[in-house]
Amino acid sequence: MRRLPTTLAAVTAVAALLATAALAATGTPFGGATTSNGVLTLVSNTGDAASANDASGANFTGTGVTTFASIATLSTEFNVTDDDCSSGSPRFQIQVQTASGPKNVFVYLGPAPSFTGCSPNVWITSGNLIDSSSTEGRFDTSQVQAGTQVSTYAQAKAVVGNLQVTGISLVVDSGWAFADKEQTVMVRNVKINDSTFFVPGGTPGPGTGTSPAKACKQLREDLGRDAFRTMFGRNHNGRNAFGKCVSQMARMKTDEDRAAAVQRIEQAAEQCLARTTSDHHKRKHHEKAHTLDRRHGDHDQGEDDGGHKGKSHRHHGDDRGGLVRCLRTAI
Ligand SMILES: [Ca+2]
Ligand SMILES: [Ca+2]
């Protein structure tokens with residue numbers, strides 16, 4: 001029984017490391033998406049051989065959103081540089097968990113009700129799309145309830161308000177709808193509740209990397225202090241992490257390179273954490289059974305090997321060791 005507090009402490013340490021990083025608000029581009037000076041460019045090119053750029057977008061995590069009804073702010077600025085809004089693109093895509101699995105709620109951008117005729121090459125402000133008094137049929141909840149393609153926010157909330165949100169993204173994928181098979185939309189200042197993503201250069205914020213110090217400050221905020229120190233720190237408790245990070249960022253030539261590095265590192269860290277969380281849960285389950293077996297078997301064993309690391313303790317050490325190794329190779 002003496003072992004219990006150490007085991008709990010180890011679990012708590014890993015959980016704390018996971019929790020701080022999991023709370024960070026992150027906008028992660030995918031497909032053919034690129035960023036320049038903090039601004040996201042989303043391309044859908046269905047006219048070339050590559051399939052990776054057929055659709056583009058960004059996934060937003062760590063926003064604190066729980067149910068669909070908990071979304072209070074959803075807005076973006078967008079600039080359709082080529083050719084127009086069309087066929088439901090660009091759009092926000094909100095994944096909700098239903099009894100029959102995950103479904104998407106679409107929130108179309110552009111002028112309702114056709115969502116075509118977006119003025120090209122100007123920044124258009126969506127305004128807050130979460131508006132109970134709006135009469136625009138901008139929400140499509142038909143994956144959850146047939147026949148609700150054209151819903152107001154209030155109507156959508158009545159259908160999916162209580163459902164848990166499992167993903168929020170912004171998507172461009174209608175290249176096929178144009179003669180040249182290519183659609184491009186730039187995006188900036190995406191707001192989801194209290195988080196703002198893809199803030200144009202010069203202003204610190206997620207999705208933006210400028211000076212080496214700003215890039216590191218952002219990484220420290222987004223990853224959480226513990227994960228940041230683990231990744232960059234090389235002395236006792238990782239207290240020199242900020243300096244090490246700044247020297248690494250200073251070796252990059254441009255702000256854009258640093259912005260890209262920030263996104264790459266955050267993405268890699270998320271993958272490390274996701275892998276460790278799933279391993280951790282598997283082990284926790286396994287150990288529970290193991291501990292019960294031992295309790296019925298050999299009572300004295302725990303005292304005898306008290307000076308050495310017990311088996312269950314070593315598993316948690318593996319969790320943390322694996323996470324530390326993964327984080328360190330992620331930079
Ligand atoms: Ca393509
Ligand atoms: Ca085009």
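Tutor: Before we start, two strands count as paired if DSSP finds at least two bridges between them. Strands (E, at least two residues) and helices (H or I, at least four) are DSSP runs, numbered from the N terminus. By the way, this is a predicted model, where local features need pLDDT of at least 70, side-chain atom pairs count only at pLDDT 80 or more, and totals for chains, interfaces and linings use all residues. Residues are numbered from 1 along each chain as its sequence is written, while chains are lettered from A and ligands numbered from 1 in the order in which they are written.

Student: Okay, how many helices and strands are in the chain?

Tutor: Let's just count those DSSP runs. The chain has 8 helices and 12 strands.

Student: In which sense do β6 and β7 pair?

Tutor: β6 and β7 form a hairpin, with 2 residues between them. Arginine 91 has tyrosine 108 in β7 as its bridge partner. Over 8 bridges, the sense of the β6 and β7 pairing is antiparallel.

Student: And what is the bridge partner of phenylalanine 106 in β9?

Tutor: β7 also pairs with β9 (residues 139-140), antiparallel, over 2 bridges. There, phenylalanine 106 is matched with aspartate 140.

Student: What share of the residues in the chain is buried?

Tutor: Buried means that 20 or more other C-beta atoms lie within 10 Å of a residue's own; exposed means 12 or fewer, partly exposed is in between, and C-beta atoms are placed from the backbone. Of the 331 residues, the buried ones make up 35%.

Student: Which element gives the largest share of the largest nonpolar core?

Tutor: A nonpolar core is a set of buried Ala, Val, Leu, Ile, Met, Phe, Trp, Tyr and Cys residues joined through C-beta atoms within 7 Å. The largest one has 41 residues, and Leu40, Val105, Val107 and Val187 touch the most other members. Elements giving two or more residues to this core include β3 (39-45), β7 (101-108) and α2 (153-160). The largest share, 5 residues, comes from β11.

Student: Why would nonpolar residues be buried together?

Tutor: Let's keep this one general. In soluble globular proteins, that is simply what nonpolar side chains tend to do: be buried together.

Student: How far does α3 reach from its first C-alpha to its last?

Tutor: α3 (residues 212-223) has 12 residues. The expected span is 1.5 Å times one less than the number of residues. That expected value is 16 Å, and the helix comes close to it, reaching 16 Å.

Student: Which residue follows α3?

Tutor: Inside α3, buried residues include Cys216 and Leu219. After the helix comes a residue whose phi is positive, near 90°: glycine 224.
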